[in-house]
Amino acid sequence: MGNATAEAPGPVRRGTARQEAQSVLLLGSVFVIATCGLIYELIAGTLASYLLGDSVTQFSTIIGAYLFSMGVGSWLSRYLGGPLLKWFIRLEILVGLVGGFSAPLLFVLFEYVASFRLILYALVGLTGILVGLEIPLLMRILENRYEFKDLVSRVFTVDYIGALLASLIFPLVLVPQLGLMRTSLLFGTLNVVVAAVALYRFPETRPYRRGFAALMGVALLALGVTFAYAGRIQRYTETLAFQDQVIYAKSTQYQRIVLTKNQRELRLFLNGNLQFSSQDEYRYHEALVHPAMQALPKARRVLVLGGGDGLAVRELLKYPQLQIRLVDLDAGMTQLFKQNQLLTALNKRAFFSPRVEVINGDAYQWVRQDTTRYDCLIIDFPDPANYSIGKLYSAAFYQELHRLLAPGGKLVVQSTSPYVARQSFWCIAHTLQAAGFHTTPYHCYVPSFGEWGYVLAGENAHWRPDAGPLPRGLRYVTPVTIRQMLDFPPDMAEVPTDINQLNNQALVRYFEEDWGPYTH
């Protein structure tokens, strides 16, 4: 390696204890670098899925671009000459600044720039190149301290352990506790701290300590101040994204929850997608619940899957004979609708009823383990915009629901818009049919969303719109409107589709095709 090797911090001559301490310090740096590097990758993928949708595509392309960039960085490391420790300190400061400020920068720019994807992938590429430079550089610094086989095994062992730690703490601790913005700033700070430790623990760095110390001070100050104001920055970016005042915003382990308010209404957004408006949500939820319940006047036990806002449960509580169990993945969602006074007023304190049991868990796993038989299943999942949700609309999932239905029972599935997403709507209906159900598709008009669709399904096809009584005080659903819901004009009429299977996720493809022109 010529001069580069000569100027690298080689074996320490003052004794093995000091040499070993420095080697451990450098291996510890590998651990921190690996953890930080994967965190930046996860932040970019998560942020892209929040802002651009379709999490599988976003994560796949982000990971591919990041790994490719790391490869480019590793290849470029061969051209780094001169004092290697000095290069390492420079890189750590750069990684800390680029990776640390990546999330705040992307959140702010999303509403301002037309070429957001270009900026996103440029940042991912730059971060990947810088991270890719680090490990080969550290191996060159350590090469005189270990035999080659020991060097490779130690460096990559520590590297993989750091990656494992990052993959565990990111969804379980960092996102729900800090959010994406503060997480990126925290790990950017860690990179700069690694540089500072290296600067002051190696005597070779004395000639250039003062200059680097000033640079690190500025970097740490900038990261720290931005960390302190991250909440305000997040609120500012959300005021750009949402027309109305943001009164609540929180990232849970599973999603970003934002609640907005104006003089007329509350609006709930999950990962930037509107879930309901308080002005007209009653239309959606009455249409979801009451046609199925009218078909089952003797129903006693109901299972709600999804619906963590408690609004479907509110409608079910209008039937005094019902016992209701709700299974929703996100405890952050159900707790919000149990604690926020504006929201408990909207759902009529549904989660406090002794007739309601709330369980936080994965619906797919819950259904496979549950042995209770229900008279009615209300399926109120988010739209199938990605594969993790698309599995909940699959033939395999619907087949599992057969076990849970009591004889003569019914289920109803919210099924997106039969007007905007015509293929998606009929794919859900056809998938239920393939799973052995007889289906009755219907739709209603919800002003915030337009025409919205549902599919009522059961083991028999017999159902009359006047089969049973409706509760008093409904604002939208009547026997007349139910009959109108069953009529599909030509522009929403049935079209042929594939069945949504776990191995093809045809519904997710249809959903992207149907809604893509309206969201991109």
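This report looks at a sheet, the helix packed on it, and the aromatic side chains of a predicted model.

## Ground rules

Because the model is predicted, local features need pLDDT of at least 70 and side-chain atom pairs count only at pLDDT 80 or more, while totals for chains, interfaces and linings use all residues. Residues are numbered from 1 along each chain as its sequence is written, and side-chain values use heavy atoms, leaving out hydrogens and water.

## The sheet

Let's start with the open sheet, where 7 strands follow the order β7-β6-β5-β8-β9-β11-β10 with mixed pairing. Strands (E, at least two residues) and helices (H or I, at least four) are DSSP runs, numbered from the N terminus, and two strands pair if DSSP finds at least two bridges between them. At the edges sit β7 (356-360) and β10 (438-446), each pairing on one side only. From one strand to the next, the twist averages 15°; axes are lines fitted to C-alpha atoms, for helices over the stretch in contact, and angles run from 0 to 180 degrees between N-to-C directions.

Strands β8 (residues 374-380) and β9 (residues 405-414) run parallel and are joined by 5 bridges. One residue to look for is I378, whose bridge partner in β9 is V412. Helix α16 (residues 395-404) packs on the sheet and touches β5 (301-306), β8 and β9, where contact means heavy atoms within 4.5 Å. The direction of α16 makes about 145° with that of β9.

## Aromatic pairs

Across the whole structure, a search finds 17 aromatic pairs. Rings of Phe, Tyr and Trp (its six-membered ring) pair if their centres lie within 6.5 Å; planes under 30 degrees apart count as stacked, over 60 as edge-to-face and the rest as tilted. W75 and Y79 are edge-to-face, because their ring centres lie 5.4 Å apart with planes at 75°. W75 is partly exposed at 48% relative accessibility, and Y79 is exposed at 56% (buried means under 20%, exposed over 50%, partly exposed in between; 1.4 Å probe, protein chains only).

Y364 and F397 have ring centres 5.6 Å apart and planes at 25°, so this pair is stacked. Y364 belongs to helix α14 (residues 363-369) and F397 to helix α16, so the pair ties together parts 33 residues apart in sequence. Y364 is buried at 10% relative accessible area, and F397 is buried at 0%. Both belong to one aromatic cluster with F381, Y393 and Y398.

## Charges over rings

Two arginines are worth a look too. R349 lies over the face of F352, 4.1 Å from the ring centre, and R475 lies over the face of Y282, at 3.8 Å. The criterion is NZ of Lys or CZ of Arg within 6 Å of the ring centre and within 35 degrees of the ring normal.
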